[in-house]
Amino acid sequence: MIFLTLEHILTHISFSIVSIVITIHLITLLVDEIVKLYDSSEKAMIATFFCITGLLVTRWIYSGHFPLSNLYESLIFLSWSFSIIHIVPYFKKQKNHLSAITAPSALFTQGFTTSGLLTEVHQSAILVPALQSEWLIMHVSMMVLGYAALICGSLLSVALLVITFRKDIKIFYKNNHLGNESFSNVFGNTYFFSAKNYYKSQSIQQLDHWSYRVISIGFIFLTIGILSGAVWANEAWGSYWNWDPKEIWAFITWTVFAIYLHTRTNTKLPPANSAIVASIGFLIIWICYFGVNLLGIGLHSYGSFTLTSN
Amino acid sequence: MGTLTLNLSTRTLKPYQHHNNLLKSPLSLYDSQIHCLCRKKNLSITIHWKLKATKESAERARNRVGKKIGFSDGAPSLSEDAGNGGVPASPDRNSSGSFKLLKKLSRRVLSVLSNLPLAIGEMATIAALMALGTIIDQGEAPDFYFQKYPEDNPVLGFFTWKWIFALGFDHMFSSPLFLSLLALLAASLMACTYTTQIPLVKVARRWSFVHSAEAISKQEIAETLPRASVQDLGVILMGAGYEVFLKGPSLYAFKGLAGQFAPIGVHLAMLLIMAGGTLSAAGSFRGSVTVPQGLNFIVGDVLGPSGFLSAPTEAFGTEVHINRFSMDYYDSGEVRQFHTDLSLLDLEGNEVMRKTISVNDPLRYGGITIYQTDWSLSTLQILKDDEGPFNLAMAPLKLNGDKKLFGTFLPVGNNDSPSVKGISMLARDLQSIVLYDQEGKFAGIRRPNSKLPIDIDGTKIVIVDAIGSTGLDLKTDPGVPVVYAGFGALMLTTCISFLSHAQARANHDQYFDCEFEFQLICEFVTYRYMGCVAGYVATTKRELLEGLAPGLSPVIWALQDGTTVVVGGKTNRAKAEFPDEMNRLLDQVPEIVESYSSRQSNSSSG
């Protein structure tokens, strides 16, 4: 009982901290960058990380197995992965755009898991015979880490696409025009535009660089996850590849990100091309991670929504 | 200007160290300038001027070094009979016309196959087909498709069962379309590996000893170290992670070989996995069997071949005896694990192996793997009015969901009458049996082995035992070792290709860091100077991006010439960083203090 209470407390603490972090990010975005506030948000994310870690450890202790046996637990693990992706660059003192992606992602997953939608599966379920293996930890944690990294990377690519194809905001242009009416020569305007384009190309370059980095890490995790899953399947199900829907979708995800990595090798193409591939990959990850569980088909239907049974 | 530098260099104690500062790449100079400017928050005009100045000074520095090396090349102390290094000329090939045509054709095919957009298209098509394979139910009877994809109401306006049967989408993963696409992808992988490997082999041929100081000093980065030993240089390069080869007075060293071959390794690993998969599909046997506890079966009777390469082995004559089938339960009554105690008997009836298998713990013997996959209830042993025991066969009852239910029936009274009445017994697992009387009313629950009798309408029943049968899957798969080798190689090579880019990435980050500061400066810069600065950044950026692109690893040559060591190096990767790294390494080379040799070297360059 004490474990359940502890788990409850930790869930709520982590959720509220992430919401506060999001608020801070919004303030930073809309009003002004207050350095202290920004720094506190980073510290809050570390606190969240420890809360979720505590949550997972608590579950591990009282259920007696690694807490990755159903959808609820894997979602908690997903938000844990988001928070770890968030704080690793923080400790390496690298300022980047990742935090803008990871913090809301952690919020949404955390919010979704703790919401009433999934109350049925909150209880730690027993482990069915097929899951009783050491491969569970390796396979599922690698897959979820891979999903988290790939989601972050592909969201960065989506942001890149938004910046690339967004129409220029006209407000600044007008201000400039009003302020310099006496100075309205052609040169002034062209230089101004080049400055704005310069900023734009800079942020595109950085988004491209970071999404590539995060996706390549996620790709490695996904590769290891799929391969360890195949080895496990050869122990438990009788073959290393069973054409199971979840397997197939994981392989489709892998293929899409392989396409991303290949399109990116061609440096002559603009970054938008590979970003489109990554955005398609974003949708496919969700089909793979959620869609297959939602339908509850195939061999992987362990922690699916219990809608069909009485 | 040239002579001035020369004098300087010969008179200082360590001339090459002095030049190192001048040798610094324009980026690093620019970088340090930006740092200091940022701190001082200087205005735009100074930035512009300074940037230009640094660029010029860097160029001048390069010119000076070039001149200096040119001088030492022409020095009389150099051995003129040094062998000609560089790329050996490729031998001419005389071949017949048809051979040429064939070669031309194969080259054409290769270039088409190794085309990246084609490979990407193949991957995308395979992904789409697999997705379609999960949407369309696989392996159903034709009637199912007639109903689900009717001709009068096509899905999406065109998709009917005709499409499914024409393209084989009812068995997508073995359809000719899907398999031929996989084969095409494999061909593309091979072609790509081949065409990528050829340039690499050429590169590897160039990685040889260069015996002429002139050739070395013509490299992108070249340096002359008087009073130094090539052995010391080799040790230092080895410490810096270079592969060093030393032969007599010549040295060559390179780095990042793993990063060069890792992408090819990834491709080869994929091919290995595909080959293993093909072998599995063509040469394996499969079968499943449900055997009650206590009975035997012969392996060869169960296994059926899957492809033309399937060949039975001696182990197929093995007989399997089920000693015991049991189930573990959680406290809540749910199944924890299934166990089957198996004995393998050879043709003479001797036990060759015994193992208790469970889910996740199969038995392997002579290439055959036996998995625990399923279970069922086969018989119920009962005593009726202390007679028996009787064996009642249990039949599976259909239920929705994956819960199992088995039932049996014990007739009571006149067996010949048309409406037989009796006692029904139902069981979900081996733990407890539910009994119903002749009217179908619930009578009670008994556990097997409890020996507690139950009285139903005057009939005393004791449930002696519930005998389960184990569901086993058997297979032989010659492809598994190949596939596992591919898995290992794939994991290794993906990790290596990621890590080998880390160096280039660190360099890239440095560039981004300086760019962040650059953005800060831009706040102070007026429009007019903006274009100029941005142009400068663009050139350095291009250098850096080239550094990121996969290509040649850094290669270093050196030649001992008397007491002087001539060092040259080139790289395609991390171009901006390589000169710095090389300077740092060359700084570490210890100086040999010998008077007679320094005399000669000084006179030659002075």
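The paragraphs below lead through a predicted model, beginning with chain B, moving to the annotated spans of chain A, and ending with two helix packings.

In chain B, the secondary structure comes to 17 helices and 21 strands. Of the 606 residues in this chain, 28% are buried, and among its contacts between residues at least 6 apart in sequence, 65% join residues at least 24 apart. An unreviewed UniProt entry carries the annotation "transmembrane region" for residues 109-136 and 264-285 of chain B. The model can be set beside that record span by span: residues 109-136 of chain B are 89% helix and 0% strand, with end C-alpha atoms 35 Å apart, while residues 264-285 of chain B are 91% helix and 5% strand, with end C-alpha atoms 33 Å apart.

For chain A, the annotation "transmembrane region", again from an unreviewed UniProt entry, covers residues 12-32, 44-62, 74-91, 138-165, 210-233, 248-263 and 275-299. One of these spans, residues 138-165 of chain A, is 100% helix and 0% strand in the model, and its end C-alpha atoms lie 40 Å apart. Residues 210-233 of chain A are likewise 100% helix and 0% strand, with 34 Å between the end C-alpha atoms.

Within chain A, helix α3 (residues 71-91) packs against helix α5 (residues 135-165) at an angle of about 55 degrees, the axes being 9 Å apart. The angle is why α3(A) counts as oblique to α5(A), and the crossing of the two is right-handed. From α3(A) the contact draws on Ser74(A), Phe77(A), Leu78(A), Ser81(A), Phe82(A) and Ile85(A), and the residues contributed by α5(A) include Val140(A), Val144(A), Tyr147(A), Ala148(A) and Cys152(A). Taken by residue class, the contact of α3(A) with α5(A) holds eleven nonpolar residues, three polar and no charged.

A second packing joins the two chains. Helix α8 (residues 245-265) of chain A and helix α6 (residues 116-135) of chain B have axes that come within 9 Å and cross at roughly 160 degrees. Because angles over 145 degrees count as roughly antiparallel, α8(A) and α6(B) are therefore described as roughly antiparallel to each other, and their crossing is left-handed. Among the residues of α8(A) that take part are Pro245(A), Trp249(A), Phe251(A), Ile252(A) and His262(A), and those they meet in α6(B) include Leu116(B), Met123(B), Ala127(B), Met130(B) and Gly133(B). The residues of this contact between α8(A) and α6(B) divide into 17 nonpolar, five polar and no charged.

Note on methods. Residues are numbered from 1 along each chain as its sequence is written. Chains are lettered from A and ligands numbered from 1 in the order in which they are written. This is a predicted model: local features need pLDDT of at least 70, side-chain atom pairs count only at pLDDT 80 or more; totals for chains, interfaces and linings use all residues. UniProt positions are given in the numbering used here, feature names are shortened, and annotations may be inferred rather than shown by experiment. Helices (H or I, at least four residues) and strands (E, at least two) are DSSP runs, numbered from the N terminus. A residue is buried if 20 or more other C-beta atoms lie within 10 Å of its own, exposed if 12 or fewer, and partly exposed in between; C-beta atoms are placed from the backbone. Two residues are in contact if their C-beta atoms, placed from the backbone, lie within 7 Å. Axes are lines fitted to C-alpha atoms, for helices over the stretch in contact, and angles run from 0 to 180 degrees between N-to-C directions. Angles under 35 degrees count as roughly parallel, over 145 as roughly antiparallel, 65 to 115 as roughly perpendicular and the rest as oblique. A crossing is left-handed if the near helix is turned anticlockwise from the far one by less than a right angle, and right-handed if clockwise. Ala, Val, Leu, Ile, Met, Phe, Trp, Tyr, Cys and Pro count as nonpolar, Asp, Glu, Lys and Arg as charged, and the others, Gly among them, as polar.
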